[in-house]
Structure formats: structure tokens, C-alpha cells
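Got the viewer open? Load the model, keep the selection box handy, and let's walk through it stop by stop.

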Amino acid sequence: MNEHGDHISVLFSPFTQDIGVAAPAGDDGQVYFVVPGRFLGDQRRSFGRTLNFTLRITENDPLQSSADVILEGGTGKVTMAIFGERNPLPSTRVQKYSLRLHPDPEFGWKPQLSEHEFNKLLANLTAIKIRGTYT
């Protein structure tokens, strides 16, 4: 999905079991992977746990953003830069990423929410978006 909510075709490699996306020609906006519905809804039990994923991009020198990972819920949304929590910048190598689902400022979610507000967001999680294009 691009940042305007338009669906983008996903490419699947049966050999590597990877999925990939590319921004459509002429579109300089960001494209996000959107997690399946089974990871949404009431996710309060995930409070304090980590969101883990792997990512590889096809070109070096990624453009940084503060909204690489987005959690959306009935009460709003929070965003985080992918390099938050000492994660590496994306590269042409497969890298693992872990983001703590907790509002403590050391973890880097913006805007800063209270524990109660963060739990309300997790209670009705409507989307988790992970940025897939960085150039």
C-alpha cells in the first residue's frame, strides 16, 4: 500500500519465500507492507513485547524517515524510525528488526503516549505498516 492508501502489487519469490514491493513508475511516495488481519484487533497482550521482522532493500543509501513503522488503532497512531532501538538502517543484506511495543521514550514511538493510551491503541489495532521502499 502506498502512503495514499492505494494498493500496490506484491512480488513473491517461491524460491526464497520472500515478498517484495516497488513504487510505481513516477511515484516518489513511500510503499508499506501491511500485516495480515490475524495480527490486528485486540493486541493488548503484546504490550511490552517486541514486533520482529526482517527486511532487505535492493539499493544502498536509504532515505531516512520518522514513519518507517506505523501502528494505527481506534485512538490514533504512533510511528517510529526503522533505526529506533539501535536497529540498523536497511541495506542490501537481510537484516532483523525488533521494536518494543511500549510507550517508554527510550523506544522512540511518536507521539509520546501514556501506558494507558498505548494500551488503548493496542486494544483495537487496525493496521501495522512497515515501510518497504527507501529510495
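Here is the tour, from the whole chain down to single residues.

Before clicking, note that this is a predicted model: local features need pLDDT of at least 70, side-chain atom pairs count only at pLDDT 80 or more, and totals for chains, interfaces and linings use all residues. Residues are numbered from 1 along each chain as its sequence is written, and side-chain values use heavy atoms, with hydrogens and water left out.

**Stop 1: the whole chain.** Colour by secondary structure and you get one helix and eight strands, counting DSSP runs (H or I of at least four residues for helices, E of at least two for strands, numbered from the N terminus). Reading from the N terminus, the order is β-β-β-β-β-β-β-α-β. Of the 135 residues, 39% are buried, meaning under 20% relative accessible area with a 1.4 Å probe, protein chains only. Now switch on contacts (heavy atoms within 4.5 Å): of those with a separation of 6 or more, 68% come from residues 24 or more positions apart.

**Stop 2: the open sheet.** Select β3, β8, β5 and β6; in that order these four strands form an open, antiparallel sheet. Pairing here takes at least two DSSP bridges between two strands. At the edges sit β3 (32-34) and β6 (76-80), each pairing on one side only. Zoom in on β5 (69-73) and β8 (125-131), which five bridges join. Gly73 is the residue to pick here, standing opposite Leu125 in β8.

**Stop 3: the core.** Next, show Phe53, Leu55, Leu71, Val78, Trp109, Phe118 and Ile128: among the 25 residues of the largest nonpolar core, these touch the most other members. Such a core is a set of buried Ala, Val, Leu, Ile, Met, Phe, Trp, Tyr and Cys residues joined through side-chain atoms within 4.5 Å. At least two residues each come from β4 (50-55), β5, β6, β7, α1 (115-123) and β8. Centre on Phe118 and, beyond its neighbours within four places in sequence, you'll find contacts including Phe47, Leu71, Val78 and Trp109.

**Stop 4: Asn87.** Last selection: Asn87, in the loop between β6 and β7 (95-100). Is Asn87 buried or exposed? Asn87 counts as buried because its relative accessible area is 11%. Draw a distance from its side chain to the backbone oxygen of Gly84 and you should read 2.9 Å. Leaving aside neighbours within four places in sequence, Asn87 also contacts Ile82, Lys96, Tyr97, Ser98 and Leu99.

How values were computed
Buried means under 20% relative accessible area, exposed over 50%, partly exposed in between (1.4 Å probe, protein chains only). A polar contact is a pair of N or O atoms within 3.5 Å; within protein, one must be able to donate a hydrogen and the other to accept it, and residues adjacent in sequence count only if both atoms are side-chain atoms.
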